[in-house]
Amino acid sequence: MRPSLPTILTKLTTSQRWIGGVTLMLLLFGMVWWLWLRPKALREVWDFIPSEPVCVLEVKPFTEAYDQVQRQPFWKVFQQIAPFQEIVSQVNYLHQMIQQEEELHHFFAEQPVFASIHLVSKEELAALLISPLKNPKQLEKFIFPFRINPEYSLTERYFEQFTIQEIRHQPSKQVFSYIMYDGYFIGSYAPLLMEDVLRNLSQGKRQYRFTRNADVAQQLPALKSGYVHLYLNPRKLPALLGLHSRGALEPFFKPLAQYAEASLFNFQAERYAFQLQGRSFSTQDNAEFLRLLDGQSPQPFLMREVVPNQTAVLYHFSFEDNALFFRQLVRYWQQQDPDFGSAQAKTQASYRMDFSAFYELIAKELGMAILQPSGQAAKTNVAILRVTKEAKMKELLERWAKEVARNQGASLETATYQGQTITRLDVPNFPAILLGNLFADFPTVYYTIFKGYLLMADSEPGIRRAITAIQERDVWRYSARRDLFKDRNATFRFFVQTSKIWEIIYRQASPAFQALMTQYAGELRFIDYLSLQTGRAGAHYDTKVTVQFQQKAPSRESNKYYKTLANQYFTRPLRTAPFTPEPYPQNIHKVLVQDMGNDLYLLSEKGNIVWKKNLGGALVTPLQSLDLLNNNQQQLFYLTRDRIGALDLQGNAIPGFPVFPPQKSKLETLAVFKVQPSNTWHWLVSNAEGALYLYNENRQLQKGWNPKTLDSPLGPAARYVYIDDQSYLLTIQENGRVSIFDLQGQYLQGFPLKLSGTISSPPWVQIGANLEQSNLTCLTEGGQLITINFKGEVQQIRKLIRLSDNSFFSLIPNQGMTDFVVGAQDAAHLRLYNPSGDLLFERDFEKDGTMDIQFFSFDDGLSFFAITNRAEERTYFLMPDGSPAAPPVESTLPIAISFTPIDNHMVIHRVYKTDVGSLQLN
């Protein structure tokens, strides 16, 4: 029988029990220390990044870096391209919050923000945001603006043992997911990307590492300078550059996948370019492309003499030691392509070739060019190699060509073109067999030796094209490209020209991306070219990437129809449509706009900023220009969510303004009017709770309106009318309730009157001799035109045709309030009706989106409509019969119109994202 534990303990001596107790305590303490108190390995950003990102961006400080980028002209074009618009707007919103919150601004000035970019499909990129965030209060500061914004909702979901917080943007249905983990904020708009991170954390997997070289990793902090750093993963470059091509373009860029193990760049923005300058790193196993050039001294870029201007893509190598270069080239491709060695051996044996003799005749430069002529002509692949002894190279190649022809039972095929002998060497992919897969895609070979270079093309028309370009000096040597590769330390160069590769990409792109390319051709082609230069510098490679933009931004407006009078670019997106005060004392072309930072700007007739004023909030109604002080000068009256404000023309606040209504609720409508017969200013504002406040020009609340509370908010703003020597205020609520009050807030007999349907459009009012003869016409969103008189008697009801349950109707008065039309929108289909309900015209637009309809009528009888389709970002000008009145202009908000003072030309003022422009109609 085994003794029990108490029996054993009673047999121990006191000293034995004491020693055993201490030992047990130490053991328990050790277990606790191991489980809870042991030092934990400090996490770093790389612990969270899923494997194989395209690149990782590090930004510090965020606000200064973003300000620097926003000032450059290329950014204006970049954010006009559809795929980037949403992410730009998201970053702009973040930037705005940081500027407004001092604690957030301080945090982003101290902490770096990382964004890892990943390919989540063959046509989609997604980003993962990571930042150290030690203080939970900083996170709440970040989240708070979303918490109080009704367009957002905060939810959570669960994945494995993690709780994922979500910020949902209701209008766009986009969801931003985030977690806090070990003092890091991790978030993304791509839920699968977030789940990858959490799955790896749950399983304890080690995630992506920028480099396997520990020495390089230790050097990285010392290599960084400036605000923005980019960690590039070359293995993903082919997929990135071939995005949207369904894999067809990846072979063009496949060599870049083995360019290096990794690259670290510092970002520098210039007016019409941005540059990435840094270093590339390789391992010691000769697996990277750059190691082909180990031990080589850089050589000047002389190939510009024969590189055609039709070049879309160019790879270029320079070297001094011929034998070393080709020895490393052959070894590299044997490692990368298991068929390379056997293909070389088979070709040399079949046609009695000795490739070493060929290599000995190549000197200092070789390149691979893809040419794309203008129009629909097919691309051409051309290998370009500088030779040392032209006669010997001609003799060698001719012997090979004859042997190939003899082996195939054919005769040698030659031709003469512009004095050059062209010979066919009919071995499929012969340049790739000689030089590796970078020189692939040659079904056959036509070659010539011209000006010290061997040219091998994939077709006879292709070699003729190259010869013509050299003969006619249509080459880089005599173009803007002559100074492209100035870096004398570079041994490898890469070049892509947007305008030339455009047709290649378009032919290979998916249908959706083809449509996108067509729509945004001007903006995308604003990128002139991309170039890369690199050369060995000790244990690493100095590398420079340049993205060059055109010196002039694209414009879609035809010079034939419009003359640009002014254009002003803003760093923030613009919130409001342009407003032109009338009359303006000095020039009617002055324009007012508000940006997303709530700054109001006055622009001169040349587009220059005269002044700016922060209004403390977003405008919720259009500005109004009026002589509020009765001094024969115009003042600007405005409404934000919490105040009524007034400014003079110099941007100064009028004494006594702003005015804050007593009730803390979001203000929604503003009506400003002169009460008769006293001719004194009054204004009536309403809020989201249905409360109405009436002020006189001394900013005093009037009896009966402090506030007058209705059972639902107003739809349109209130309307003042003067009938039979009496003043009345007309209100229409969202729920269809129509009310008429006297100035003391008492209902007029016969009101309120409840109409069926929701009303958001302003009423149409006709003033008669008395209440019975005065009418108002209301339009429900469902398409009912209801006319009643001021005694509350229904005069007429007209039902307009609804094409679907989603038909949306609006009443649009002209700018002089002398006429109106009715608009009916069904997705991308629009109909316009006259006041009698007769159809004026109907039209289908390209995209389904919100349409802003403006109706303009002038004394000379001219009438037209300006219809801004926000999905298309374009304003159309149509006559009353639906025919075009003028070509459309790019616009993201409704336009404003004025006339030149001398020759009476029409001027169109428009907002396009971050641009305000004035265009004169010729």
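Student: How many disulfides does a search of the whole structure find?

Tutor: The search finds 0 disulfides. To count, two cysteine sulfur atoms must lie within 2.5 Å. This is a predicted model, by the way.

Student: What makes Cys55 and Cys778 buried or exposed?

Tutor: Buried means under 20% relative accessible area. Cys55 has 11%, so Cys55 is buried. Cys778 has 2%, so Cys778 counts as buried too.

Student: Why is Asp483 called partly exposed?

Tutor: Partly exposed lies between under 20% and over 50%. Asp483 has a relative accessible area of 44%, so partly exposed is the right term. Asp483 sits in the loop between α17 and β18.

Student: How far apart are Asp483 and Arg304, in sequence and in space?

Tutor: In sequence, they are 179 residues apart. In space, their C-alpha atoms are 9.2 Å apart.

Student: What is the place of Gln634, and is Gln634 buried or exposed?

Tutor: Gln634 lies in the loop between β25 and β26. Its relative accessible area is 14%. The cut-off for buried is under 20%, so Gln634 is buried.

Student: What makes the link between the side chains of Gln634 and Ser625 a polar contact?

Tutor: The distance is 2.7 Å. A polar contact needs N or O atoms within 3.5 Å, one able to donate a hydrogen and the other to accept it. The Gln634 side chain also reaches the backbone nitrogen of Leu626, at 3.4 Å.

Student: How do you know that β25 and β26 pair?

Tutor: Pairing needs at least two bridges. β25 and β26 (residues 635-639) have 3 bridges, in the antiparallel sense. One bridge partner to know: Ser625 has Leu636 in β26.

Student: What is the order of strands in the sheet that holds β25 and β26?

Tutor: The order is β25-β26-β27, in an open sheet of 3 strands with antiparallel pairing. β25 (624-626) and β27 (644-647) are the edges. Each has a single partner strand, so one side of each lacks a neighbour in the sheet. From one strand to the next, the twist averages 25 degrees.

Student: Why is strand β11 called largely enclosed?

Tutor: Count its buried residues. In β11 (residues 311-318), 8 of the 8 residues are buried, so the rest of the structure largely encloses the strand.

Student: Which strands pair with β11, and over how many bridges?

Tutor: β12 (residues 362-371) is joined to β11 by 7 bridges and runs antiparallel to it. There, Ser318 has Glu365 as its bridge partner. β18 also pairs with β11 in the antiparallel sense, over 5 bridges. There, Phe317 is matched with Phe492.

Student: How do you know that the span of α17 is close to the expected one?

Tutor: Compare two values. α17 has 12 residues and reaches 16 Å from its first C-alpha to its last; 16 Å is expected at 1.5 Å a residue.

Student: What caps the N-terminal end of α17?

Tutor: Ser459 does. One of its side-chain oxygens lies 3.0 Å from the backbone nitrogen of Gly462. Past the helix comes Arg473, with a positive phi near 60 degrees.

Student: Which strands do the buried residues of α17 pack against?

Tutor: They pack against β13, β14, β15, β16 and β17. Those buried residues include Ile463, Ala466 and Ile470.

Student: How many residues has helix α15, and what is its reach?

Tutor: α15 (residues 390-407) has 18 residues and reaches 26 Å, close to the 26 Å expected. Its buried residues include Met393, Leu397 and Trp400. Just after α15, Gly409 takes a positive phi of about 75 degrees.

How values were computed. Residues are numbered from 1 along each chain as its sequence is written. This is a predicted model: local features need pLDDT of at least 70, side-chain atom pairs count only at pLDDT 80 or more; totals for chains, interfaces and linings use all residues. Side-chain values use heavy atoms; hydrogens and water are left out. Helices (H or I, at least four residues) and strands (E, at least two) are DSSP runs, numbered from the N terminus. Axes are lines fitted to C-alpha atoms, for helices over the stretch in contact, and angles run from 0 to 180 degrees between N-to-C directions. The expected span of a helix is 1.5 Å times one less than its number of residues. Buried means under 20% relative accessible area, exposed over 50%, partly exposed in between (1.4 Å probe, protein chains only). Contact means heavy atoms within 4.5 Å.
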